[in-house]
Amino acid sequence: NLLYGIKYNHKVPYTGFFGGATMVLYPILIGEMAKRGVKKKDVALCIGVCSKALSNKLQGKTSFTWPEVTAICKCFFPDMSPDTIFSTAEKENNSST
């Protein structure tokens with residue numbers, strides 16, 4: 001899609017959680033982290049990566065592995081399914097059209 005002659009994708013812009021504007025691939029995960037007071041550093045510790053690696057995963061620059069997904073769900077969101085918590089912004093946009 002083009003906007004003002006610039007190609008863009010359907011990732012959701014989000015400000016504040018990362019200290020500035022950034023593109024977030026997993027809006028439900030980010031929202032639930034904020035609602036429940038889950039800190040990025042705690043999620044990073046849970047899956048054994050540094051904060052920058054977690055930020056890259058949340059922005060879609062690198063992928064979460066299945067063991068990381070299950071660890072995050074088990075530690076922080078046991079009441080939610082991985083499919084729900086890791087629903088992508090692209091899926092959200094496609095389901096609303």
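## Briefing: aromatic pairs, core and helices

A search of the whole structure turns up four aromatic pairs. The model is a predicted one. Two of the pairs share Tyr26, and they open this briefing. The core and two helices come after them.

**Aromatic pairs**

- Tyr26 and Phe64 have ring centres 5.4 Å apart and planes at 70°, so this pair is edge-to-face. The cut-off for that label is over 60 degrees between planes.
- Tyr26 lies in the loop between β4 (22-24) and α1, while Phe64 lies in the loop between α3 and α4, so the pair ties together parts that are 38 residues apart in sequence.
- Is Tyr26 buried or exposed? Tyr26 is buried, with a relative accessible area of 10%.
- Phe64 also counts as buried, at 12% relative accessibility. Buried here means under 20%.
- Tyr26 forms an aromatic pair with Phe86 too. The centres are 5.6 Å apart, the planes meet at 75°, and the pair is edge-to-face.
- Phe86 lies in the loop between α5 (82-85) and α6 (89-95), and Tyr26 in the loop between β4 and α1, so this pair ties together parts that are 60 residues apart in sequence.
- Phe86 is buried, with a relative accessible area of 10%.
- Ring pairs join Tyr26, Phe64 and Phe86 into a cluster.

**The nonpolar core**

- The largest nonpolar core has 19 residues. Which of them touch the most other members? They are Leu29, Phe64, Ile72, Phe77 and Phe86.
- Four elements give two or more residues to this core: α1 (27-36), α2 (40-47), α3 (51-58) and α4 (66-76).
- Ile72 makes contact with Leu29, Val43, Cys46, Ile47, Phe64, Phe77 and Phe86, leaving aside neighbours within four places in sequence.
- Phe64 and Phe86 thus come up again: both belong to the ring cluster, and both are in contact with Ile72.

**Helix α1**

- The buried residues of α1 are Leu29, Ile30, Glu32 and Met33.
- Why do they sit on the same side of α1? They cover an arc of only 165° around the axis, which puts them on the same side.
- Gly37 follows α1, and its phi is positive, near 70°.

**Helix α2**

- Lys40, Val43, Ala44 and Ile47 are buried in α2.
- Their arc around the axis is only 100°, which puts these residues on the same side of α2.
- On the other side of α2, Lys41 and Leu45 are exposed.
- What covers the buried residues of α2? The cover includes α1, α3 and α4.
- Gly48 follows α2, with a positive phi near 75°.

**The whole chain**

- The protein chain has six helices and four strands.
- From the N terminus, the elements run β-β-β-β-α-α-α-α-α-α.
- The chain has 97 residues, and 32% of them are buried.
- Among contacts with a separation of 6 or more, 49% join residues 24 or more positions apart.
- The chain exposes about 6100 Å². Carbon and sulfur atoms supply 57% of that area.

Methods:
Residues are numbered from 1 along each chain as its sequence is written. This is a predicted model: local features need pLDDT of at least 70, side-chain atom pairs count only at pLDDT 80 or more; totals for chains, interfaces and linings use all residues. Side-chain values use heavy atoms; hydrogens and water are left out. A nonpolar core is a set of buried Ala, Val, Leu, Ile, Met, Phe, Trp, Tyr and Cys residues joined through side-chain atoms within 4.5 Å. Buried means under 20% relative accessible area, exposed over 50%, partly exposed in between (1.4 Å probe, protein chains only). Contact means heavy atoms within 4.5 Å. Accessible areas come from the Shrake-Rupley method with a 1.4 Å probe; for residues, only the protein chains shown count as cover. Rings of Phe, Tyr and Trp (its six-membered ring) pair if their centres lie within 6.5 Å; planes under 30 degrees apart count as stacked, over 60 as edge-to-face and the rest as tilted. The arc is that of the directions from the helix axis to the C-beta atoms.
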